[in-house]
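Here are some short exercises to work through with the model open beside you. Try each task before reading its solution.

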Amino acid sequence: MRFLIILWVLLAVAGAGAAWYAMRPAKRTGAWLGIALAVILLGLFSASFLLFGSHVDKSFVAVASYFFNWGMAAGGAAICVGTIVGLVLALAFKA
């Protein structure tokens, strides 16, 4: 379990570093768009737990939500959090 936590943190740090490196000061609008997309993905991730966590139907939406949840839990959420942190820091400190 400790290995998975370390891997999740490494993914978040890698996402933050990549977002910091990729952000160009002249492209501030693109950075805000990246932050918005990452926030939307995290919002969908948390909403899918709230909506489909209490019951499981055998429908296409339930199956798609299952794969989305495990994909985000495995690494997608870490990359989204890292991207948000990296872009916010880049917006604050890159001139």
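**Exercise 1. Describe how helix α1 packs against α3.**

Solution. Start with the geometry: helix α1 (residues 2-22) and α3 pack at an angle of about 35°, and their axes lie 6 Å apart. Here axes are lines fitted to C-alpha atoms, for helices over the stretch in contact, and angles run from 0 to 180 degrees between N-to-C directions. Next comes the handedness: α1 passes α3 in a right-handed crossing. A crossing is right-handed if the near helix is turned clockwise from the far one by less than a right angle, and left-handed if anticlockwise. Finally, sort the residues of this contact: 15 are nonpolar, five are polar and none is charged. Ala, Val, Leu, Ile, Met, Phe, Trp, Tyr, Cys and Pro count as nonpolar, Asp, Glu, Lys and Arg as charged, and the others, Gly among them, as polar.

A word on the source: this is a predicted model, in which local features need pLDDT of at least 70 and side-chain atom pairs count only at pLDDT 80 or more, while totals for chains, interfaces and linings use all residues. Residues are numbered from 1 along each chain as its sequence is written, and side-chain values use heavy atoms, with hydrogens and water left out.

**Exercise 2. Give the secondary structure of the protein chain.**

Solution. Count the elements: there are three helices and zero strands. Helices (H or I, at least four residues) and strands (E, at least two) are DSSP runs, numbered from the N terminus. Then read along the sequence, where the pattern is α-α-α. For the dimensions, the C-alpha atoms fill a box of roughly 50 × 30 × 15 Å, taken along the principal axes.

**Exercise 3. Is N69 buried or exposed, and which residues is N69 in contact with?**

Solution. First place N69: this residue lies in helix α3 (residues 60-93). N69 counts as buried because its relative accessibility is 10%; buried means under 20% relative accessible area, exposed over 50%, and partly exposed in between (1.4 Å probe, protein chains only). Now look for partners. Leaving aside neighbours within four places in sequence, N69 is in contact (heavy atoms within 4.5 Å) with F45, S48 and F49.

**Exercise 4. Classify F67 and W8 by accessibility.**

Solution. F67 is also placed in helix α3. Its relative accessible area is 54%, so F67 is exposed. W8 is found in helix α1, and at 31% relative accessibility W8 counts as partly exposed. Leaving aside neighbours within four places in sequence, W8 is in contact with A73, A74, A77 and A78.

**Exercise 5. Which residues line the second largest pocket?**

Solution. List the lining: M1, L4, I5, L7, W8, A73 and A74. A pocket is found on a 1 Å grid over the protein atoms alone, as an open set of points where a 1.4 Å probe fits, with protein on both sides within 12 Å along at least five of seven lines; lining residues have an atom within 4 Å of a point. Next, assign the residues to helices: α1 and α3 each supply at least two, and α1 gives the most, with four. Then check the character of the lining: seven residues are nonpolar, with no polar and no charged ones.
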